[in-house]
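Biologist: I am new to this structure and would like a close look at a single part of it. Please choose one helix, describe it, and then place it in its surroundings.

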There are 2 protein chains.
Amino acid sequence: MQMIHQKRRADLVTWMARNSVSVVVIEDTEGRRDPALRYFSGHPCDALLLITVTGHAVLCPWDNNLAEQRAQVDVIVPYSEFGRHPVTAVQLLTERIGVPPQSRIEIPSQTPYPLFLTYVEALFGYNVLCRKDGGAHEEIERMRSIKDLLEIEHIEKAAAITDTLIDQLEKQVRSGKIKTEIDAALFLERSAREHPLAERCGFETLAAGPSRSCFIHPFPSCTASPFGTEGLSILDFGIMVEGYTSDVTLTIAAGKLTTAQEKMISLVEKAYKASLGLYKPGIATKEASAACDEVFRKAKKSMPHALGHGIGLEPHEGPAIRNREDNQWVFEPNMVVTLEPGLYDAVHGGCRLENDILITEKGNRVLTKSRIIRL
Amino acid sequence: MQMIHQKRRADLVTWMARNSVSVVVIEDTEGRRDPALRYFSGHPCDALLLITVTGHAVLCPWDNNLAEQRAQVDVIVPYSEFGRHPVTAVQLLTERIGVPPQSRIEIPSQTPYPLFLTYVEALFGYNVLCRKDGGAHEEIERMRSIKDLLEIEHIEKAAAITDTLIDQLEKQVRSGKIKTEIDAALFLERSAREHPLAERCGFETLAAGPSRSCFIHPFPSCTASPFGTEGLSILDFGIMVEGYTSDVTLTIAAGKLTTAQEKMISLVEKAYKASLGLYKPGIATKEASAACDEVFRKAKKSMPHALGHGIGLEPHEGPAIRNREDNQWVFEPNMVVTLEPGLYDAVHGGCRLENDILITEKGNRVLTKSRIIRL
């Protein structure tokens with residue numbers, strides 16, 4: 001494990017040297033989560049990480065006990081030494097490390113403007129960068145979008161557990177053991193927590209029975225309403241292994257469906273197939289998304305969300321897979337992404353089918369086996 | 001319900017008029033959550049809200065069906081009309097509303113610096129403000145820290161459910177039905193989801209048995225490890241009613257304790273009492289925090305986190321209750337806050353006691369009945 005974090009940092013350091021950046025600051029805190037912390041250090045959350053172009057990694061954790069157990073870095077300095085303020089920590093650590101004046105220090109791209117001003121003032125004599133395009137954090141997003149072998153291994157494990165749970169869930173819905181949205185969501189949560197390899201569900205499970213499946217993201221995420229009863233039910237969940245989450249959605253179509261419901265299902269399946277063929281290296285992700293939109297457009301329907309996204313340490317990460325002009329992502333080998341066409345109707349409910357796809361050298365491999373289940 | 005959102009907006013509009021702010025922009029999106037959206041509109045999440053000094057509220061929701069059901073605003077415009085980009089939406093809506101040139105438009109204080117630059121460019125001819133101190137969003141934080149009667153009612157309901165669940169949980173631990181951290185956490189999650197008044201748990205329940213209670217925030221938040229067995233176990237959870245969450249922590253002290261464990265418990269209880277007396281109007285919150293620190297300091301211990309915080313639509317919101325010079329909060333009537341002294345030891349485990357406190361005209365009222373439970 002130590003090796004992989006060092007290797008990832010070494011890749012970033014190469015980029016830093018080429019781009020004359022002396023220090024990259026990564027912050028994970030309430031309201032500004034950044035899994036790049038875990039990616040580069042192994043420490044899961046609530047800390048500040050400084051990576052220097054000289055190859056050092058300094059971690060300031062909020063919880064020192066947790067860091068001693070988990071972090072794979074060169075130095076751990078308790079955050080409390082800096083009054084737990086990121087600007088104070090960066091200012092004093094930069095001095096302590098001996099970063100030369102005028103150096104370029106790149107702070108997180110999500111730094112709020114008022115905090116940015118505080119950084120600039122505190123780091124007087126340095127060149128403070130806060131960039132979205134072309135900066136270190138865009139490079140980190142790009143790096144993270146291409147999974148290394150250990151990451152793919154984690155996601156494959158998550159996918160295998162996900163598949164087993166889909167099968168078990170189908171059985172329990174058929175047998176009447178799972179009757180409500182809560183039953184479905186908590187069956188998954190307990191299974192995830194109890195599984196020796198899984199940490200937990202990767203995000204809040206969305207369980208929407210026929211009365212709520214018209215919502216893209218039902219609110220609340222699950223209720224005591226019936227699930228798997230006549231009509232369309234949607235279940236969107238992920239299983240997390242070593243921080244990496246799967247992300248699938250299955251639709252349960254039960255009882256006698258309306259013509260409109262049958263039409264939605266066949267359109268979603270058609271769009272799924274049309275797009276999947278375009279999930280391969282060298283294809284712009286917006287092309288795959290356009291293929292889906294075209295299927296729906298011909299039927300005078302439209303999809304109110306993107307076709308997919310990368311998964312990994314976040315349930316949504318690069319690449320974006322949507323049909324928008326400013327989307328410049330291209331599929332590359334070892335990206336792991338979702339494919340999730342869906343249609344929603346206030347009267348007839350919703351239908352979404354989502355699987356996780358590994359982009360390979362020649363095409364793709366579908367990692368999960370989610371499906372539209374007919375009862 | 002409609003009335004209360006209008007009333008809250010009217011209060012903000014008064015502030016806006018006094019401070020020459022023409023438009024306040026509120027954004028709730030993945031990575032930048034802001035419950036002020038729900039506070040002012042009733043719409044729970046994933047939307048942009050514009051409040052104008054002329055008293056209009058325009059909502060751009062990601063999910064239009066949800067908005068039609070929930071939002072209490074003047075106008076709903078689908079976010080898709082603006083390519084779901086906040087800057088485009090603010091730019092075009094500002095034109096549509098006819099906001100006069102040179103007006104001051106205040107964007108969210110958490111706007112990342114790169115996005116801030118995009119706003120400034122797109123809103124050429126307007127005066128774009130992004131302020132932490134002295135701005136609209138600080139005023140909103142202040143407004144939200146003083147609860148109105150409807151908010152207190154929601155929190156009281158959440159507190160009552162919380163107390164019932166603490167009692168039920170104690171019974172189930174004693175009877176051996178709850179054996180693991182997962183058992184404890186999922187008992188709470190299911191109870192919350194099934195309760196007709198509760199939406200869900202207010203945040204991820206932290207369940208740490210004796211092997212993990214030394215962590216302030218154990219990671220993962222619960223595992224298959226034993227809970228309530230010999231030593232100190234910590235359970236930190238909240239119940240959400242209409243978006244408002246309680247936040248309590250109980251410690252279960254089981255079997256024969258070490259001298260160090262007994263000492264931790266008595267110090268935490270002593271610090272709790274010493275601080276509670278200072279939870280009253282007119283007292284600086286850092287004074288209450290200093291009283292706790294003093295109890296621990298005398299015993300050569302220290303607490304690695306703040307003494308408390310406000311609760312409401314967020315599990316952590318204003319006022320801050322910590323012993324730091326820059327903390328300027330003063331207790332005021334109708335604030336609802338936590339009091340949560342804790343001590344942690346890598347060998348002996350941790351002990352934390354947390355209850356929710358309503359500040360009244362003359363002092364305080366403890367809303368929840370969390371405690372240190374001896375088995």
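**Helix H8 of chain B**

Modeller: Helix H8 of chain B covers residues 181-194, which makes 14 residues, and spans 20 Å from first C-alpha to last, close to the 20 Å expected at 1.5 Å a residue. The model is a predicted one.

H8(B) is mostly covered, with ten of its 14 residues buried. The buried residues of H8(B) include the charged residues Glu181(B), Asp183(B), Glu189(B) and Arg193(B). Ile182(B), Leu186(B) and Leu188(B) are buried as well, and so are Ala184(B), Ala185(B) and Ala192(B).

What lies over these residues? Part of the cover comes from chain B itself: helix H7 (149-174) and the strands E7 (200-201), E8 (206-208), E9 (231-237) and E10 (239-241). H8 of chain A is also included in the cover, which leads to the contact between the chains.

That contact takes 41 residues from chain A and 40 residues from chain B. On the chain A side, helix H3 (64-70), helix H5 (113-122) and helix H8 (181-194) each supply at least two residues. H8(A) gives the most to this side, with six residues. By class, the side of chain A that touches chain B has 19 nonpolar, ten polar and twelve charged residues.

The two chains are related in a simple way. A turn of 180 degrees, with a shift of 0.0 Å along the axis, lays chain A on chain B with an RMSD of 0.0 Å. This is the relation of a two-fold axis. The copies meet through the same surface, because 98% of the interface residues of chain A are also interface residues in chain B.

Elsewhere in chain B there is an open sheet of six strands, in the order E4-E3-E2-E1-E5-E6, with mixed pairing. Strand E4 (75-76) and strand E6 (127-129) of chain B stand at the edges with a single partner strand each, so one side of each has no neighbour in the sheet. Strand E1 (residues 23-28) and strand E5 (residues 104-106) of chain B run parallel and are joined by two bridges. Val23(B) stands opposite Ile105(B) in E5(B). Helix H4 (residues 86-97) of chain B lies across E1, E2 (47-52), E3 (57-61) and E5 of chain B, and runs at about 30 degrees to E2(B).

Methods: Residues numbered from 1 in each chain as written. Chains lettered and ligands numbered in written order. Predicted model: local features only at pLDDT ≥ 70, side-chain atom pairs only at ≥ 80, totals over all residues. Contact = placed C-beta atoms within 7 Å. Helix = DSSP H or I, 4+ residues; strand = E, 2+ residues; numbered from the N terminus. Expected span 1.5 Å × (residues − 1). Buried ≥ 20, exposed ≤ 12 C-beta atoms within 10 Å, placed from the backbone. Pairing = 2+ DSSP bridges. Axes fitted to C-alpha atoms, helices over the stretch in contact; angles between N-to-C directions. Least-squares fit on C-alpha atoms with pLDDT ≥ 70 in both.
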